Amino acid sequence: MRFMSLLFISASAMAVAQARSPIATDRPGFSDGSNLVGAGVLQFESGFFRTVVGSSVTTSLGDGLLRYGINERFEVRLIGISYGFAPGIEQWLEPSIGFKARIVQSPRGELTFIGQTTVPVGSGALRTNEWNPTFKVAATAPLGRDTVGGNLAYARLGSGNSRFDQFALSAFVARPLTTKSALTGEVWVVDQISRGGPAAGYISLAITHLLNNDQQLDLRIGTGFNQGRDGWILQGGFSVRF
């Protein structure tokens, strides 16, 4: 009987694993999704991010996001496991720690709250060596065969006398192309890009492709509305759910 029970448990676990919905990630956009990974689920999202403004090229490799579901309504996050390159500079970037918590979920949509902060673990040209907190409200809703959503965000950025408050707003629409691929268009604006600096607006287009229910590839290209100042964005990566 114990052997039969173990077989039943194993079969049930396999059925649950096979029945899991396709992986849903927070990449590759400015916006975070409203989804959570689920209780006991470990998910890793990683890739690269490159910006080109004039002759200045900045690249980060890793762009890691490690997510673990405490329960169906709460997950903890380790963010920014990355190595950065800028003209004449290369170093590890500051990591961040955070969480995502579900506020409400219904057939009409989902709303979650995200809190995170950088951890001051060193100094350097690509680090602020400060606690830089960010808070977001992420929302998604079905619209026919599409999904629409966006983020409302606040961040305290910079260090020393250059610290400033930044507010951001984003919106996106995702459309399935096939059963495995989707296309997402996104726009976002920030009220200032530096202390006393100008506002900025951006637009991007991303494609995601499922290798299977637990693995996804992504690629995104974007630019600022003022291309001469804001440059180009190129991003790509891979995500896996364990």
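Buried means under 20% relative accessible area, exposed means over 50%, and partly exposed covers what lies in between. The structure described here is a predicted model. By that scale Asn129, with a relative accessible area of 36%, is partly exposed, because its value falls between the two limits. Asn129 sits in the loop between E6 and strand E7 (133–143), and its phi is near 55°, a positive value in a residue other than glycine.

**Backbone features**

A positive phi is also found at Asp63, where the angle is near 40° and the residue is again not a glycine; Asp63 belongs to strand E2 (residues 56–71). A further backbone feature occurs between Arg27 and Pro28, whose peptide bond is cis, with omega near 10°, and Pro28 is placed in the loop between H1 and E1.

**Salt bridges**

How many salt bridges does a search of the whole structure find? The search gives 15 salt bridges, and three of the pairs are set out below.

| Pair | N to O distance | Separation in sequence |
|---|---|---|
| Asp26 and Lys100 | 3.1 Å | 74 residues |
| Arg27 and Asp218 | 2.7 Å | 191 residues |
| Asp32 and Arg77 | 4.0 Å | 45 residues |

In the pair formed by Asp26 and Lys100, the closest N and O atoms are 3.1 Å apart. Asp26 lies in the loop between helix H1 (2–19) and strand E1 (42–53), while Lys100 lies in strand E5 (residues 96–106), so this salt bridge ties together parts of the chain that are 74 residues apart in sequence. Asp26 and Lys100 are both buried.

The side chains of Arg27 and Asp218 meet in a salt bridge with an N to O distance of 2.7 Å. This pair links distant parts of the chain, with Arg27 in the loop between H1 and E1 and Asp218 in strand E12 (residues 215–224). Arg27 and Asp218 are each buried, and Arg27 is also the residue from which the cis peptide bond runs to Pro28.

Asp32 and Arg77 form a salt bridge at 4.0 Å, N to O, and here too distant parts of the chain are linked, since Asp32 is in the loop between H1 and E1 and Arg77 is in strand E3 (residues 74–86). Both Asp32 and Arg77 are buried. Which residues are linked in a network of salt bridges? The network is made up of Asp26, Asp32, Glu45, Arg67, Glu75, Arg77, Lys100 and Lys136.

**Asn35 and the second largest pocket**

Asn35 lies in the loop between H1 and E1, and with a relative accessible area of 16% it is buried, because that value is under 20%. Not counting residues up to four places away in sequence, Asn35 touches Ala24, Thr25, Asp26, Arg67, Glu75, Lys100 and Glu110; among these contacts, Asp26, Arg67, Glu75 and Lys100 belong to the salt-bridge network.

The second largest pocket holds about 1,100 Å³ of space. It is lined by 44 residues, of which Ile23, Ala24, Thr25, Asn35 and Thr147 are the closest to its centre. At least two lining residues come from each of E5, strand E6 (109–118), strand E8 (146–157), strand E9 (164–176), strand E10 (181–190), strand E11 (200–212) and E12. Sorted by class, the lining contains 13 nonpolar, 19 polar and 12 charged residues.

**The nonpolar core and Tyr202**

The largest nonpolar core consists of seven residues, namely Ala153, Ala168, Trp188, Val190, Ala200, Tyr202 and Ile233. E10 and E11 each supply at least two residues of this core. When neighbours within four places in sequence are left aside, Tyr202 is in contact with Glu186, Val187, Trp188, Ile193, Thr223, Gly224, Phe225 and Asp230.

**Arg156**

Is Arg156, in strand E8, buried or partly exposed? Its relative accessible area is 26%, so Arg156 is partly exposed. Apart from residues up to four places away in sequence, Arg156 touches Asn132, Pro133, Arg163, Phe164 and Asp165. Arg156 and Thr117 are 39 residues apart in sequence, and their C-alpha atoms are 9.2 Å apart in space.

Notes
Residues are numbered from 1 along each chain as its sequence is written. This is a predicted model: local features need pLDDT of at least 70, side-chain atom pairs count only at pLDDT 80 or more; totals for chains, interfaces and linings use all residues. Side-chain values use heavy atoms; hydrogens and water are left out. Buried means under 20% relative accessible area, exposed over 50%, partly exposed in between (1.4 Å probe, protein chains only). On a 1 Å grid over the protein atoms alone, a cavity is a set of points where a 1.4 Å probe fits but cannot get out, and a pocket is an open set with protein on both sides within 12 Å along at least five of seven lines; lining residues have an atom within 4 Å of a point. Grid points are joined across faces, edges and corners, and a volume is the space filled by probe spheres set on the points. Ala, Val, Leu, Ile, Met, Phe, Trp, Tyr, Cys and Pro count as nonpolar, Asp, Glu, Lys and Arg as charged, and the others, Gly among them, as polar. A nonpolar core is a set of buried Ala, Val, Leu, Ile, Met, Phe, Trp, Tyr and Cys residues joined through side-chain atoms within 4.5 Å. Contact means heavy atoms within 4.5 Å.
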